[in-house]
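The following note is offered to a colleague who is meeting this structure for the first time. Please read the points with the model open alongside.

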Amino acid sequence: PVKLPETEVLSKNGNPLSKLDDFVNVPCPSCGSPAKRETDTMDTFMDSSWYFFRFTDPHNASLPFSYEKASKHMPIDMYIGGVEHAILHLLYSRFISKFTASIGMWDGSKVNGEPIKKLVTQGMVHGKTFVDPKTGSFMKPEEIDNSDPNKPKNVQTGEPLEVSYEKMSKSKFNGADPAQCISTHGIDATRAHILFQAPVSDVLNWDESKIVGIERWLERMLKYCSTLCSQEITPIFNETPIDLSQEEVDFHNNVQSLVNSITSSLEKTVSLNTVISDYMKLSNSIENAIKSSSIRKGLVLLNLQKLTTMLYPVVPCVSEELASIIKTKGYDFRQYSWPEVEEAKLSNIVKYQIIINGKRRAAYEGPEEFTKNIDKVLDTIRLLPETKKYLDGVSVMKVITKGNIISLVVKPN
């Protein structure tokens, strides 16, 4: 090993070691001939491998960081980076973290010296790439005839081009300008489109033509929000009511399932494409509920308010617009409080099986308390189309109810 020399002043430009003649020019340790020492003694990734430790104690003039502060704040909760970081920056980071823990610079005993709790690796964005099959050259946008998007051609020769998705590069003329997309479609639609196209860790094949679906979805939400809020809504619910009909129970349970999925995707799995998908499902559920005559509009409004809040991380502009529509109509709510997941509601509707003299003859849906009034049970069953012919001209000798079974014992008059 060679001990590096002391230098009084680090030069602003270049490697200071390369300017030290006594260090650079030395005899070869093997043959004794004149030789030069290597002056690049530290990889640049080593320099960026401990910045997060310094962040815990940025003003320390005597140490890289204090034991107490590093132990308090480390490890990092989540690291998000590209795939190329895995074998370079992160490798050095793990080495430095484990090394500094082993020599007592911070307490990494609970995490085995690891610097990061959770790693999220981003996939690359690939652009649509056009190649002339005869020359192998990449085609510029102005050299492509896109009159038929499914069959792009060379403008000059009319020959068909090969199309693929590859890593964006100036030399391949396949880059996409985010500013232009934002200018055309808006920041919310652009952001939602990016997240929806692929899981965060997968390659994303950029296709701007598909953004129209996102735009329609956002516009539809604004439209049905205005439709709902233009109605006279009574009563207004600040929480889910207890007395839900069967259709309201189904609506509530579907909403809660999606609230739970969205919350989990954002907090735990970072499955952001699933978040957009669940947004759309929840949006469709609310839109269908608005059209239903069996679901109270106060319950629909309550869940629209929840959707409005949950949209904020991805489409904040649309979220604010929805909130503005709701509040303008006088329906205020806690816009920035994330909704808690509620328990699923159990339906009080039971599907009763009607048994007559030991044979199943019909089914009837009714409330749990239906079998408490035997006279009402008989009156209802006699009117059912499926049982009428079995009960005409007979006397009911006995009625047995157990769970969802209603059993009649009858005999001819």
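1. Setting aside neighbours within four places in sequence, Met 280 is in contact with Phe 196, Ile 214 and Trp 217. Met 280 itself belongs to helix 10. Along the chain, Met 280 and Trp 217 are 63 residues apart, yet their C-alpha atoms are separated by 7.4 Å. The model is a predicted one, and the points below should be read accordingly.

2. Trp 217 also appears in the largest nonpolar core, which has 50 residues. Trp 217, Met 221, Tyr 279, Ile 286 and Leu 307 are the members that touch the most other members. At least two residues of this core come from each of helix 7 (187-197), helix 8 (211-229), helix 9 (246-269), helix 10 (272-291), helix 11 (297-311) and helix 12 (316-328). Helix 8 gives the most, with 9 residues. In soluble globular proteins, nonpolar side chains tend to be buried together.

3. Leu 307 merits a closer look. Apart from neighbours within four places in sequence, the contacts of Leu 307 are Met 221, Tyr 224, Tyr 279, Leu 282, Ser 283 and Ile 286. Another core, of 13 residues, lies apart from the largest one; its members include Val 350, Ile 356, Ala 362 and Phe 370.

4. Is Gln 256, a residue of helix 9, buried or exposed? Gln 256 has a relative accessible area of 4% and is therefore buried, the cut-off for that term being under 20%. Beyond neighbours within four places in sequence, Gln 256 is in contact with Asn 303, Lys 306, Glu 340, Val 341 and Glu 342.

5. Turning to the whole chain, the protein contains 14 helices and 13 strands. Of the contacts between residues at least 6 apart in sequence, 59% join residues at least 24 apart. Buried residues account for 36% of the 413 residues.

6. What radius of gyration does the protein have, and what would a compact globule of 413 residues have? The protein has 35 Å, whereas the globule would have a value near 22 Å. Taken along the principal axes, the box filled by the C-alpha atoms is roughly 125 × 70 × 50 Å.

7. As to the surface, the accessible area of the protein is about 25100 Å², and 53% of this belongs to carbon and sulfur atoms. The protein carries 48 positive and 51 negative charges, and the mean positions of the two sets are 8 Å apart.

Terms used: Residues numbered from 1 in each chain as written. Predicted model: local features only at pLDDT ≥ 70, side-chain atom pairs only at ≥ 80, totals over all residues. Heavy atoms only, no water. Helix = DSSP H or I, 4+ residues; strand = E, 2+ residues; numbered from the N terminus. Rg over C-alpha atoms; globule rule 2.2 N^0.38 Å. Buried < 20%, exposed > 50% of the residue type's maximum accessible area, 1.4 Å probe, protein only. Contact = heavy atoms within 4.5 Å. Areas by Shrake-Rupley, 256 points an atom, 1.4 Å probe, with all protein chains shown as cover. Lys, Arg positive; Asp, Glu negative; His and termini not counted. Charge placed at Lys NZ, Arg CZ, Asp CG, Glu CD. Core = buried A, V, L, I, M, F, W, Y, C linked by side-chain atoms within 4.5 Å.
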